[in-house]
Amino acid sequence: MTNRKLIVGNWKMNPGTLAEAKKIAARARRIATTLEHTDAVICPPFVFLGALVPKKPVKQFHIGAQSAYFEESGAFTGEVSVTMLHDIGVEYVIVGHSEERARGDTDEIVAKKVKAVIEAGLTPIVCVGEASRDIEGASHYDVLKEQIKNSFAGVPKRVGRDIILAYEPVWAIGAKESMLPEQIYEMSLFVKKVFSDAFGAETAVEVTVLYGGSVNYRNAADIISIGKVDGLLVGRESLNTVGFVELLKAVDGMKQQ
Ligand code: PEP
């Protein structure tokens, strides 16, 4: 954790053309160069990545992939390796997004991907989050705990510092409203506590925790200041060029905590 904020845009399977992708990326890159306390990462679909990696590095602007496969090379039709991503200048990889988990990525696969991403010298943004909240029995804490524990099974303790955690309650993704900032604070503490069981308290204090789920330019600053997270994982709003620019400005303009 640093005082800098990290805003990650997950474009999912959008937009439909390279021309549009270049336009959205150019706007994000332009505003990013003016940011003082914030870094921006955009995660476009694989096919656009090569065209969107800046020719000259920009300190506050980076490119991430939405996924990667854990094997180095071979007969894995349709997959993309971490080495390939590293080779074209990608720096971050989203791992274990709930939409990938829903298509079959188990915690075990997530753990293999985390290891592969780190070994390739890239930074994994590891998504965790409960599918629903059990208001009466509070069983979502156990579900989340198991998911976090298993998603890092076999990941060496020494690489804990290289991991970014994205707490994304699945029910808040693509929804009308985000989770309440007060609840985000409580859940981010819980996520850190479980992370500390696996990687140690010192590492957990340092780890970057993002919140994701229906973030927009209006709620972003409150989520960071009241939710006390280090940044945001943003879906829909990251494709809205005006909204994403406003979001970056709102976060960067916050009083430093
Ligand atoms: C996401 O896809 O990770 C996400 C948080 O989406 P949205 O911001 O649209 O809810």
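A polar contact is a pair of N or O atoms within 3.5 Å. That definition serves as the entry point to this predicted model, beginning with the ligand and the residues around it.

An oxygen atom of the ligand lies 2.7 Å from a polar backbone atom of Gly 174, and this pair is a polar contact because its distance falls within 3.5 Å. Ser 214 also approaches through its backbone: one of its N or O atoms is 2.8 Å from an oxygen atom of the ligand. Asn 10 contributes from its side chain instead, with a polar atom 3.5 Å from a ligand oxygen. As for the surface of the ligand, it exposes 290 Å² when taken alone, and the protein buries 99% of that area.

The wider surroundings of the ligand comprise 14 residues. Gly 174 is among the closest, together with Lys 12, His 97, Glu 168 and Arg 236. By residue class, this shell holds seven polar, four nonpolar and three charged residues.

The description now turns to the largest pocket of the protein. Its volume is about 450 Å³, and 18 residues form its lining. Those lying nearest the centre of the pocket are Phe 46, Gln 66, Ser 67, Glu 100 and Arg 103. Two or more lining residues come from each of two helices, α2 (46-52) and α4 (98-102). In the lining of this pocket, seven residues are charged, six are nonpolar and five are polar.

How values were computed:
Residues numbered from 1 in each chain as written. Predicted model: local features only at pLDDT ≥ 70, side-chain atom pairs only at ≥ 80, totals over all residues. Heavy atoms only, no water. 1 Å grid on protein atoms, 1.4 Å probe; cavity = no way out; pocket = protein on both sides within 12 Å on 5 of 7 lines; lining within 4 Å. Points joined across faces, edges and corners; volume = space filled by probe spheres on them. Helix = DSSP H or I, 4+ residues; strand = E, 2+ residues; numbered from the N terminus. Nonpolar A, V, L, I, M, F, W, Y, C, P; charged D, E, K, R; others polar. Near = heavy atom within 4 Å. Polar contact = N/O pair within 3.5 Å; in protein donor to acceptor, adjacent residues only side chain to side chain. Areas by Shrake-Rupley, 256 points an atom, 1.4 Å probe, with all protein chains shown as cover.
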